[in-house]
Every structure is written in structure tokens, then in C-alpha cells.
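Morning, everyone. I have one chain to walk through today, from the whole fold down to a single loop residue. Please bring it up on the screen.

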Amino acid sequence: MFRSETRLPHLLTPDAYFNPQQAVREEPLLRQSWHPVALVEQFAKPGDFVTCEIAGEAVQIRNFDGELRALSNVCAHRHCLISSCSRGNSETMRCQYHGWEYGHDGRTRRIPASSNFRPFNFSGEQIPTFRVEPCGPLVFVSPSPSGPGLSDVLGEFHSRLEGRTSAEWRPFLVQEMEHQANWKVVVENTLEAYHVPYIHPETFKETPPEQKSEHRFSDVGTSFHSTLPFAPESKMDAWFQQREGQFLRWLGRPVTSEYSQYHLFPNLLFSMTDAVTLSHCVLPTGPDTCRSIIFQFGICPERGILKRQVSRVWGRLTAWLTRQIMMEDASLFPKIQKGLRSSSGAGVLGRCEERLHSFQSYISEQTQSMSRAA
Ligand code: FES
Ligand SMILES: [Fe+2]
């Protein structure tokens, strides 16, 4: 059931979705938070690394002799990206331009022809380090040296994710999507199922009815809880649900048919069923552009060749369905962004869209309190 008994105001004005000053006001919120940008299994060997960009910060996450560290990916010499590969393995963290090398603490370890740089300033010539922490199969990074810890940001979801370890949950979808829309457009789209009959007529077909939709609210975010299939008349959703039940029973796993979707402020989205975990992090790349980083995991038992093979087939099928749904949503984002640019109205939210209202309150309150503090 929904919490609100009436419609709600749309708290953010259209220009909050493209105004560069609004993007500057929101940046501290995103920097303070934690972002799932890599997989634990991507750092199996010393020297394994992944690069990414979080809230304007180029980051390299790296296995330094068994220790997971996150550092700036920008060289202290003349600002070149240290590595421009999205992932790889290298013996040392060495800049691609003139070969400066860095240690796990961000200090320079080796400078070619170093006599050119006398007198040395080792403390000045070092790169910033960032907070990094694994949870379940995911690696989270926070580009801010201070702020809430990962377990504070994830709230009750932290222990649920921790239980889905990389040993039993395999990634079947690893994808980045660029959107021509503000990051909040993408987040808000996932917070309501009102659009389902128009945007997902084949995949989901119908919005889950209110009796089957529970919205929960907390200081760290909101969540939606229902049971699958959302609408029994939806052929594809119902088909997937039936097969998932059969697959889980065959593996000897419990079948609850529960679906939970979490939005953890500001930009983290997680969905869970008995057999699937989906992580979706939306990162701004400009005032009116953003990137989705998506990881979807499926159960894949450690033992039993047949069980592993069937699990892989199931994992790939569910990944295909997720990609399909995400592409259906993504086709709308540039159209929403265009509308926001020329809108003269305030907008309005229905009761079923009450989670957007909670998100918009969070953005307004946080950006206002940060402007007051500045
Ligand atoms: S810019 Fe990195 S070594 Fe020169
Ligand atoms: Fe959708």
C-alpha cells in the first residue's frame, strides 16, 4: 500500500535537471556517497586494476600486493591520466606519459631521470587516495576522505548484499550506458512502476496493483516490495517467474517470489529476487548527461557441472531481460530531458510516485543545507 493519501507536489523545478549551478550544488552529495563501480573478482591478482570516473574524479582501483586501494588516476607530474584502460593488470602503477610510478599510499616511488626534479618534494608530488570497500560481490568507492561509512549508506541492505558473496553469485551482466539526460531523470524513472504499461508493454505489461506494492521510507532511502510476477497476465514476466521457481527448487533453494527494489540516496539502485541481484549506479557526467554502471548477478553454485551449466543459461536469460527493460527505459530519457528544457509547468506526482517525492525532498534539503553551510 502507498503511504500518501493524496497527490504530491513535484518539488524540483525543471531547471534543477539541467542548470550547471544545481550540478555544482549536488556534487558534494555524490562525492560523500559510495559507488559500486567494480567487481571483487576483478582484483584477483596483484596488479589488477579498474579505472572509472566518479563525480568528476578520475579513479584507479588497484590490487597492491593483495591490498585493495583506490587512488586518483591523474598524474602529479603534468596531469595525464595514469592509465586510460578501463581495466587491466600492470606490475606497477605507472603513468603512461613519462613513467612516474606510485605506491599504495599515493606517494611517488620512482621518477625516471629524477635528477631533473631536484630539490625533491615527495609530499607535494603524490596523488590523493580514496575510500574503498568490498561488500558481497561488489567494490564500492567514495571519493571523499570523510562522510558516512559504507554500512551507513547501505543501511539494512548492507547485510542482504553481504550474503550474496562472489563465491555463489556470478556476474551475468556488466554494462555501462551513457544517457543524454540528467542523472536524476534516470534515478526517478526507476522509482515508479506507473510507466510500465506504456514503456514495457511486452516485458511487464501491467503496473503491480497497490495492494501488492509496499513502499518503505527511511533516512537513507526508499524501497519497494512486491511479489512476482507483477501482473499474472504478463506473459513474459509470468514465464520468467515460473521458470525461476522451477530452477531454484531444482537447486534446492527456497522460493519466496519476493521482489525488492532499494533506492539508497542519492544514486544507488538495487533490485533483488530469489535468484537475481541487480546493482545500478547512476553517475552524472555533466549537468544534462549521465552514465549507468550496471552489474547483474545470478546464483551459480560452486559445485556440480550440470547445476553450473543450467545456472549460466538462466543467468544469461535474465541478463537479456534486464538489458531489454533498460533499453526500453533509456529510449525515453532524452525525450524527458528535452521536455524539461522547455517546460513552463511545475509538474505533479501521483500517490504511486511518492518515492520520487521522498528523493526530491532529500535533494532539496541537502543542497539547501550545503549552500547555507558554504
Ligand atoms: S604526466 Fe605522468 S609522468 Fe608525466
Ligand atoms: Fe521502466
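Start with burial. Of the 374 residues in the chain, 36% are buried. Keep in mind that this is a predicted model.

Now the overall fold. The secondary structure comes to nine helices and 19 strands. The radius of gyration is 22 Å, and the globule rule gives 21 Å for 374 residues, so the chain is as compact as a globular protein of that length. Along its principal axes, the C-alpha trace spans about 75 × 60 × 30 Å. What about contact range? Take contacts between residues at least 6 apart in sequence: 66% of them join residues at least 24 apart.

Next, the domains. Domain 1 is 1-31 + 151-374, and domain 2 is 34-147. Their C-alpha centres lie 30 Å apart. How many residues does each domain put into the contact? Domain 1 gives 19 residues and domain 2 gives 16 residues. On the domain 1 side, several elements each supply at least two residues, including helix 1 (20-32), helix 3 (157-162) and strand 12 (169-179). Strand 17 (276-286) and strand 18 (289-299) do so as well. By class, that side has 11 nonpolar, four polar and four charged residues.

On to a small sheet. This one is open, with three strands in the order 7-8-9 and antiparallel pairing. Which strands stand at the edges? Strand 7 (93-94) and strand 9 (108-110) do. Each has a single partner strand, so one side of each is left without a neighbour in the sheet. Two bridges join strand 7 to strand 8, residues 101-102. In one of the pairs, M93 has Y102 in strand 8 as its bridge partner.

Now helix 9, residues 354-373. Its 20 residues reach 29 Å from first C-alpha to last, close to the 28 Å expected at 1.5 Å a residue. Where is helix 9 buried? Its buried residues are E354, R355, L356, H357, S358, F359, Q360 and I363.

Last stop, E302. Look in the loop between strand 18 and helix 7 (305-330). Is E302 buried or exposed? Exposed, because E302 has 8 other C-beta atoms within 10 Å, and the cut-off for exposed is 12 or fewer. Leaving aside neighbours within four places in sequence, E302 is in contact with A167 and E168. E302 and A167 are 135 residues apart in sequence, yet 6.8 Å apart in space, C-alpha to C-alpha.

That's the tour. Questions, please.

Methods. Residues are numbered from 1 along each chain as its sequence is written. Chains are lettered from A and ligands numbered from 1 in the order in which they are written. This is a predicted model: local features need pLDDT of at least 70, side-chain atom pairs count only at pLDDT 80 or more; totals for chains, interfaces and linings use all residues. Domain bounds come from an automatic or database domain assignment. Two residues are in contact if their C-beta atoms, placed from the backbone, lie within 7 Å. Helices (H or I, at least four residues) and strands (E, at least two) are DSSP runs, numbered from the N terminus. Ala, Val, Leu, Ile, Met, Phe, Trp, Tyr, Cys and Pro count as nonpolar, Asp, Glu, Lys and Arg as charged, and the others, Gly among them, as polar. Two strands pair if DSSP finds at least two bridges between them. The expected span of a helix is 1.5 Å times one less than its number of residues. A residue is buried if 20 or more other C-beta atoms lie within 10 Å of its own, exposed if 12 or fewer, and partly exposed in between; C-beta atoms are placed from the backbone. The radius of gyration is taken over C-alpha atoms; the globule rule is 2.2 Å times the number of residues to the power 0.38.
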